[in-house]
Amino acid sequence: MRWLKFTAAGQTSWGIVEGDTVFAVGGDPFGEWQRTSNSHKLADVKIELPVMPRTFYCVGLNYLKHLTEAANKRGEVPNVPDRPEIGYRAQNALIAHDEDVVIPATATEKIHYEGELVVVIGKKAKHLSERDAMSCVFGYTIGNDVSERTWQKADRGLWRAKNADTFKPMGPWIETDVDLDAMETIIKVNGRETGRFRTNDMIFGIVPFIVELTKYFTLWPGDVIWMGTDGASPDIKAGDVVEIEITGIGTLRNRFVAEQA
């Protein structure tokens, strides 16, 4: 099932996408809901952010090629992690499909993008085992992890390099039924492919991260876990359009624009 948060005729609600039509739903997918008779053409609605997470978790260096390329640029030997490592991102950075990523006026030309699988949590969970870890997963969406690399090198933390307003596009919807092993992530800039990798070819898969997270934190419905990326991206500039397709889910598209004074 494909769940969409959308606005039409001035009203925002949940819907179920079937082909090029979205059927409005009363309630929400994390609780009670009822499908209504109201429908809209998908092309006629405003696609909203699929969820505003209570907690926004992220995974770094979870694909071997990405880790190796980053180490090579620094002239270092790749240090492959021996356990899942968890980080956080800020809610203010989230934007929806087809909304603009705004490059701050003070940013350098080192603006990069990364296509990521996003796991959406569907129910409250704590102390999950490997056997039942996936029981808390509601579905999947797509994320674009935008970074300002000069800031990332200069600062002690990632507060502005990763979390500036609009730096985390996510969407367009939540897909509940996927075949992780069959999925590919395909990244394009202005229609030209710049990266492709097997989505589930992770150093640590979804299960180990959920097990590790729930040792210490309670997961809540609507929480998200961004699962990292493979490869590297070229510098992006104002006017460029980045499309991230994950087969079985869809395509997240966002234009990059310069901040207006």
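**Close-up views of a predicted model**

**Figure 1. Val241 and its partner across two strands.** In this view, Val241 faces Arg255, a residue of strand β19, as its opposite number. The whole structure shown here is a predicted model. The two strands behind this pair are β18, covering residues 241–246, and β19, covering residues 250–258. They pair in the antiparallel sense, and 6 bridges connect them. For readers new to sheets, strands pair through backbone hydrogen bonds, in either a parallel or an antiparallel way.

**Figure 2. The open sheet that holds β18 and β19.** Stepping back a little, we find 5 strands in an open sheet with mixed pairing. Following the sheet across, the order reads β9-β19-β18-β15-β16. Why do β9 and β16 each have one side without a neighbour in the sheet? Strands β9 (101–103) and β16 (192–198) stand at the edges and have a single partner strand each, so one side of each is left open in this way. From one strand to the next, the twist averages 20 degrees.

**Figure 3. The hairpin of β15 and β16.** Strand β15, made of residues 184–189, runs antiparallel to β16, and 6 bridges join the two. One pair to look for is Glu184, which stands opposite Arg198 in β16. The hairpin has 2 residues between its strands. Asn190 is worth a look in this hairpin, as its phi is positive, near 55 degrees.

**Figure 4. Helix α3 and what covers it.** Helix α3 spans residues 206–216. Which of its residues are buried? They are Ile206, Phe209, Ile210, Val211, Glu212, Leu213 and Thr214. Several strands help to cover these buried residues, including β6 (56–59), β7 (86–88) and β11 (115–121). Strands β12 (137–144) and β17 (224–226) are also part of the cover.

**Figure 5. The largest pocket.** This pocket encloses about 780 Å³ of space. It is lined by 31 residues, and His66, Ala70, Arg74, Arg149 and Gln152 are the closest to its centre. Which elements each supply at least two residues of the lining? They are β6, α1 (64–74), β7 and α2 (149–154). Helix α1 gives the most, with 5 residues. By class, the lining has 13 charged, 11 polar and 7 nonpolar residues.

**Figure 6. The second largest pocket.** Here the volume is about 170 Å³. Among the 16 lining residues, those closest to the pocket's centre are Thr194, Gly195, Asp230, Gly231 and Ala232. Two or more lining residues come from each of α1 and β16. Strand β16 makes the largest contribution to this lining, with 4 residues. The lining divides into 6 polar, 5 nonpolar and 5 charged residues.

**Figure 7. An enclosed space in the model.** How many cavities of 30 Å³ or more does the model have? The count is 1. The largest cavity holds about 30 Å³ of space. Around it are Cys58, Val59, Arg89, Glu116, Asp145, Lys168 and Trp226. This lining has 4 charged and 3 nonpolar residues, with no polar ones.

Conventions. Residues numbered from 1 in each chain as written. Predicted model: local features only at pLDDT ≥ 70, side-chain atom pairs only at ≥ 80, totals over all residues. Heavy atoms only, no water. 1 Å grid on protein atoms, 1.4 Å probe; cavity = no way out; pocket = protein on both sides within 12 Å on 5 of 7 lines; lining within 4 Å. Points joined across faces, edges and corners; volume = space filled by probe spheres on them. Nonpolar A, V, L, I, M, F, W, Y, C, P; charged D, E, K, R; others polar. Buried < 20%, exposed > 50% of the residue type's maximum accessible area, 1.4 Å probe, protein only. Contact = heavy atoms within 4.5 Å. Pairing = 2+ DSSP bridges. Axes fitted to C-alpha atoms, helices over the stretch in contact; angles between N-to-C directions.
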